[in-house]
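Colleague: Please take a close look at one part of this model, the helix that runs towards the end of the chain, and set it in the context of the whole protein.

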Amino acid sequence: AAPLCYLYKSKVELYFVFRALYTRHLCRLHTLTPSPAPNPGLPTLCASFERILQELEPELVYHLVQIELPSLKVAFHWMVTGFVGY
């Protein structure tokens, strides 16, 4: 919601925009039922993340495996919170 605060001065308007964003998109980040596109749930998003990471950064995936650090352990928090924070 924080980035939306820069776009809306009215707290009421901000609330309704965030509510629409959450109910349409971000709620899927908390859905454990694996569902196919166009409305994927969290397990599908996690599988897609791992597949895309393997395709685009195989050296990174190999390094993470070598140090026994699952890629999802690094990225899961960002995925669940809609990529806010660090």
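Modeller: Accessible areas here come from the Shrake-Rupley method with a 1.4 Å probe. On that basis the protein, a predicted model, exposes about 6,800 Å², and carbon and sulfur atoms supply 66% of this area. Of its 86 residues, 15% count as buried.

The protein has 5 helices and 0 strands, so the order from the N terminus on is simply α-α-α-α-α. Among the contacts with a separation of 6 or more, 24% are between residues 24 or more positions apart.

The part to look at is helix H5, which covers residues 71–80 and includes Ser71. Ser71 has a relative accessible area of 16%; the cut-off for buried is under 20%, so Ser71 counts as buried. Leaving aside residues up to four places away in sequence, Ser71 touches Phe49, Glu50, Leu53 and Leu64.

Helix H5 also takes part in the largest nonpolar core, a set of 5 residues made up of Leu42, Cys46, Leu72, Ala75 and Met79. Helix H3 (42–56) and H5 each supply at least two residues of this core, and the largest share, 3 residues, comes from H5. As general background, in soluble globular proteins nonpolar side chains tend to be buried together.

To put the helix together: H5 holds Ser71, which is buried and in contact with Phe49 and Leu64, among others, and H5 gives 3 residues to the largest nonpolar core.

Key
Residues are numbered from 1 along each chain as its sequence is written. This is a predicted model: local features need pLDDT of at least 70, side-chain atom pairs count only at pLDDT 80 or more; totals for chains, interfaces and linings use all residues. Side-chain values use heavy atoms; hydrogens and water are left out. Helices (H or I, at least four residues) and strands (E, at least two) are DSSP runs, numbered from the N terminus. Buried means under 20% relative accessible area, exposed over 50%, partly exposed in between (1.4 Å probe, protein chains only). Contact means heavy atoms within 4.5 Å. A nonpolar core is a set of buried Ala, Val, Leu, Ile, Met, Phe, Trp, Tyr and Cys residues joined through side-chain atoms within 4.5 Å.
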